[in-house]
Amino acid sequence: MTTEEFVTYQEETFDAYCKWLIQNEGKNARRELSRHEKKEVVFSALPETVVAGLSYTDSYGAGSETFQIDEDTVTIKDAALAKALATLPENWLDVVLLFYFLGKTDRQIGADLHLTPDVVYYRRKHSLGKLKKALKELDDDAKR
């Protein structure tokens, strides 16, 4: 075998090896894709309930206000309501927060704040009127 024939032989052997390698890698890739296709599902084929469960909404407190009552914390996410609540006197605000946001009864609130249930009821009812007025004013300001 001459040197030229040997070089040609090496080139042809390398060429055959490269073709064999590419062909086998193609088979491996198709096999891998086929394996993935059997397990994967297109989003459009999923039911709405599953798709809704895949989403997440950040709630890091933007636009919310926190009120502290003794050891309890109440977070108000509605900015207009938070502004309206901030207009109430502190002792009236405590009654509203304890009743509407923490679910306590007039008796329980009275015991916590050292008031009679009648006083608690009076503050709660009059606070609602003040809140209604404050929310109306905020709404009117927003429309201007």
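Select Asp106 to start; its place is in helix 5. This is a predicted model. Is Asp106 buried or exposed? At 16% relative accessibility, Asp106 counts as buried, because the cut-off for buried is under 20%. Now show what surrounds it. Leaving aside neighbours within four places in sequence, Asp106 is in contact with Phe99, Pro117, Val120, Tyr121 and Arg124.

**Next stop: Arg124**

Pick Arg124 from that set of contacts. Arg124 lies in helix 6. Its relative accessibility is 7%, so Arg124 counts as buried. Which residues does Arg124 touch, not counting those up to four places away in sequence? They are Val95, Phe99, Tyr100 and Asp106. Phe99 appears in the contacts of Asp106 and again in those of Arg124.

**Along helix 4**

Select residues 90–101, which form helix 4. How far apart are its end C-alpha atoms? They are 15 Å apart. At 1.5 Å a residue, the 12 residues should span 16 Å, so the model agrees with the expected span.

Now colour the buried part of helix 4. Trp92, Leu93, Asp94, Val95, Val96, Leu97 and Leu98 are buried there. What covers them? Show strand 1 (65–69) and strand 2 (72–76); both are part of the cover. Then add helix 3 (79–86), helix 5 (106–113) and helix 6 (117–143), which are also included in the cover.

Step just past the end of helix 4. Gly103 takes a positive phi of about 70 degrees there.

**Through the loops**

Move on to Thr105. Thr105 is found in the loop between helix 4 and helix 5. Its relative accessible area is 40%, so Thr105 is partly exposed. Draw a distance from Thr105 to Pro117. These two are 12 residues apart along the chain, and their C-alpha atoms are separated by 8.9 Å. Pro117 is also one of the contacts of Asp106.

Go next to His114, in the loop between helix 5 and helix 6. Buried or exposed? His114 is exposed, with a relative accessible area of 72%. Check its backbone too. His114 has a positive phi of about 60 degrees although it is not a glycine. Most residues other than glycine have a negative phi.

**Farther along helix 6**

Select Ala134, which lies in helix 6. Ala134 is buried, because its relative accessible area is 10%. Which residues does Ala134 touch, leaving out those up to four places away in sequence? The answer is Ala84 and Thr87. Now draw a line from Ala134 to Ala80. They are 54 residues apart in sequence and 9.1 Å apart in space, C-alpha to C-alpha.

Stay in helix 6 and pick Ala142. Ala142 is exposed, with a relative accessible area of 61%. How far is Ala142 from Met1? Their C-alpha atoms are separated by 96 Å, and they are 141 residues apart along the chain.

**A stop at Thr57**

Jump to Thr57. Thr57 is found in the loop between helix 2 (48–53) and strand 1. At 65% relative accessibility, Thr57 counts as exposed. Draw one more distance, from Thr57 to Thr116. They are 59 residues apart in sequence and 43 Å apart in space, C-alpha to C-alpha.

**Zoom out**

Now show the whole chain as a cartoon. How many helices and strands does the protein have? There are 6 helices and 2 strands. From the N terminus on, they run α-α-β-β-α-α-α-α.

Rotate to view the overall outline. The C-alpha atoms fill a box of roughly 115 × 40 × 30 Å, taken along the principal axes. The radius of gyration is 36 Å, whereas a compact globule of 144 residues would have one near 15 Å.

Colour the chain by accessibility. Of the 144 residues, 17% count as buried. Then switch to the surface. The protein exposes about 11,500 Å², and carbon and sulfur atoms supply 55% of that area.

Next, turn on contacts. Take those with a separation of 6 or more: residues 24 or more positions apart account for 44% of them.

Last, colour by charge. The protein has 20 positive and 25 negative charges, and the mean positions of the two groups are 10 Å apart.

Notes:
Residues numbered from 1 in each chain as written. Predicted model: local features only at pLDDT ≥ 70, side-chain atom pairs only at ≥ 80, totals over all residues. Heavy atoms only, no water. Helix = DSSP H or I, 4+ residues; strand = E, 2+ residues; numbered from the N terminus. Expected span 1.5 Å × (residues − 1). Buried < 20%, exposed > 50% of the residue type's maximum accessible area, 1.4 Å probe, protein only. Contact = heavy atoms within 4.5 Å. Rg over C-alpha atoms; globule rule 2.2 N^0.38 Å. Areas by Shrake-Rupley, 256 points an atom, 1.4 Å probe, with all protein chains shown as cover. Lys, Arg positive; Asp, Glu negative; His and termini not counted. Charge placed at Lys NZ, Arg CZ, Asp CG, Glu CD.
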